[in-house]
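Reader: I'd like to learn how to read a protein model. Could you walk me through a few features?

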Amino acid sequence: MSRRTRKTPLMSQSVQAGFPSPAEHYIEKMLDLDEYLSSHPESTYYVRVAGDSMTGAGIFPGDVLCVDRSIDFFDGAIVIASVDGEFTVKYLRKSRGQVFLQAANPNYPPIFFGTEQDVRCWGVVTGLVRKFNYGAKRKPIEQTASIPEHPPVQPVTFQIGDGIRRQHYDKNLADKGKS
């Protein structure tokens, strides 16, 4: 199976999730998701999530997980596993010599293995791709005369005093320190 990748521009300026920052239209490099999400693209595959057992880890139904089959399993890794032929995504845990799978949603109990079960790990999750599905909720906002293109900015006024209030404040603090 040959891999065909498409590289997409990755902007060098991060997007502020807090206060807005002026955007810089500069491309840092071309982004290849296989290269970004996995160190071993040749042993990487993607799988779509169904169910809510990993929502506490930020993994939601419909997300696409990047899974690397070449990474050694370790305690705390998020893995794709099959238990008796049923695939699942869970934390791989080891405690007191017992290896088990643990959900990131408290509504799901841990999965402990018995000797009669067929348990196989199919790779370590190295990344996640999430698409926002707006669907029928989308209603375009039309530009009208009632919506200003640039919202008005309220002028900020400062009152410059003679410093007497600050002197009184400093004196009161000094007096309190003496008593």
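Author: We'll go through the sheet, then the salt bridges, then the rings. Keep in mind that this is a predicted model.

Reader: Okay, the sheet. In what order do the strands of the open sheet lie?

Author: Read a sheet from one side to the other, rather than along the chain. Here the open sheet has 7 strands in the order β3-β4-β9-β5-β6-β7-β8, with antiparallel pairing.

Reader: Which strands are the edge strands?

Author: Look for strands that pair on one side only: here those are β3 and β8, the latter covering residues 111–112.

Reader: How many bridges join β4 and β9?

Author: Those two pair in the antiparallel sense over 5 bridges. To see a contact up close, find Asp68, whose bridge partner in β9 is Val124.

Reader: Now the charges. How many salt bridges are there?

Author: The count comes to 2 salt bridges. In one of them, the side chains of Asp63 and Arg130 meet, 2.8 Å from N to O. This pair links distant parts of the chain, 67 residues apart: Asp63 is in the loop between β3 and β4, and Arg130 is in the loop between β9 and α2.

Reader: Are Asp63 and Arg130 buried or exposed?

Author: Take each partner by itself. Asp63 has a relative accessible area of 2%, so it counts as buried, the cut-off being under 20%. Arg130 is partly exposed at 37%.

Reader: And which residue forms a salt bridge with Asp118?

Author: That's Arg120, with the closest N and O atoms 3.1 Å apart. Asp118 is partly exposed, with a relative accessible area of 35%, and Arg120 is partly exposed too, at 46%.

Reader: On to the rings. How many aromatic pairs are there?

Author: The count is 2 aromatic pairs. Phe87 and Trp122 form one that is tilted, with 5.8 Å centre to centre and 55 degrees between the planes. Phe87 belongs to strand β6 and Trp122 to strand β9, so the pair links distant parts of the chain, 35 residues apart.

Reader: Why is that pair called tilted?

Author: Check the angle between the planes. Under 30 degrees would be stacked and over 60 edge-to-face, so 55 degrees makes the pair tilted.

Reader: How accessible are Phe87 and Trp122?

Author: Phe87 is exposed, with a relative accessible area of 56%, while Trp122 counts as partly exposed at 36%.

Reader: Last one: where does the charged end of Arg93 sit?

Author: A charge can also sit over a ring, so look there as well. The charged end of Arg93 is over the ring of Tyr91, 4.7 Å from its centre.

Note on methods:
Residues numbered from 1 in each chain as written. Predicted model: local features only at pLDDT ≥ 70, side-chain atom pairs only at ≥ 80, totals over all residues. Heavy atoms only, no water. Phe/Tyr/Trp six-rings, centres within 6.5 Å; stacked < 30°, edge-to-face > 60°. Helix = DSSP H or I, 4+ residues; strand = E, 2+ residues; numbered from the N terminus. Buried < 20%, exposed > 50% of the residue type's maximum accessible area, 1.4 Å probe, protein only. Lys NZ or Arg CZ within 6 Å of the ring centre and 35° of its normal. Salt bridge = Lys/Arg side-chain N within 4 Å of Asp/Glu carboxyl O. Pairing = 2+ DSSP bridges.
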